[in-house]
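Good morning, everyone. Please have a look at the sequence and the structure as they come up, and then I will talk you through a helix pair and a pocket.

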Amino acid sequence: ISSAKIYDSMSSDELFQNKTLRPIIKMQHDLFIAVFKNYIAKRKNVFYELTLPKQLGYIDNAIHKDMKFRNSLKGMIIGQFTVEEYDIYIKNSSALNKRMMNIVKERLIDSIQVFEKPEILKAV
């Protein structure tokens, strides 16, 4: 990503975030949207009945509290790593996982308008 900032003063985690995580998450954006739409559907489309603040909370809760969903998202990202990137990742996976999930959450929130109730459900 050309806009990703790289500075000598950055921590190794921040450097990994900007050089590896952000480009992968950007590349996978459409997949994350599709996966979250499926997540909503599998939970009886309750998301569509919520107010905007509650929808934002729903996204946060899905990413930070639903371990199965969280692990699925992590797998989609980690599966794009090179062996070298994976070696860096495993040295501080806990902190990097937090960074990963926060970036994905922000991308989903920034795309909240794509999570409109499907036409098929509006008629019901």
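In this predicted model, helix α1 passes helix α6 in a right-handed crossing. To place the two for you, α1 covers residues 12–27 and α6 covers residues 93–110, and they pack with their axes 10 Å apart at an angle of about 40°. Because angles under 35 degrees count as roughly parallel and those from 65 to 115 as roughly perpendicular, that angle makes α1 oblique to α6.

Which residues of α1 and α6 meet? On the α1 side they are D13, E14, F16, Q17, L21, R22, I25 and K26, and on the α6 side you will find A95, L96, R99, M100, I103, V104 and R107. If we sort this contact between α1 and α6 by class, there are eight nonpolar residues, six charged ones and one polar one.

Let me now turn to the largest pocket, which holds about 170 Å³ of space. Two elements, α2 (29–42) and α4 (67–78), each give two or more residues to its lining, and the largest share, four residues, comes from α2. If you would like to find the lining on your screen, please look for V35, N38, Y39, K42, R43, D66, K68, F69 and S72. Sorted by class, the lining of this pocket has four charged, three nonpolar and two polar residues.

So, what should you take away about the helix pair and the pocket? For the pair, keep in mind the right-handed crossing of α1 and α6, and for the largest pocket, remember that α2 gives the largest share of the lining.

Definitions and conventions
Residues are numbered from 1 along each chain as its sequence is written. This is a predicted model: local features need pLDDT of at least 70, side-chain atom pairs count only at pLDDT 80 or more; totals for chains, interfaces and linings use all residues. Side-chain values use heavy atoms; hydrogens and water are left out. On a 1 Å grid over the protein atoms alone, a cavity is a set of points where a 1.4 Å probe fits but cannot get out, and a pocket is an open set with protein on both sides within 12 Å along at least five of seven lines; lining residues have an atom within 4 Å of a point. Grid points are joined across faces, edges and corners, and a volume is the space filled by probe spheres set on the points. Ala, Val, Leu, Ile, Met, Phe, Trp, Tyr, Cys and Pro count as nonpolar, Asp, Glu, Lys and Arg as charged, and the others, Gly among them, as polar. Axes are lines fitted to C-alpha atoms, for helices over the stretch in contact, and angles run from 0 to 180 degrees between N-to-C directions. Angles under 35 degrees count as roughly parallel, over 145 as roughly antiparallel, 65 to 115 as roughly perpendicular and the rest as oblique. A crossing is left-handed if the near helix is turned anticlockwise from the far one by less than a right angle, and right-handed if clockwise. Contact means heavy atoms within 4.5 Å.
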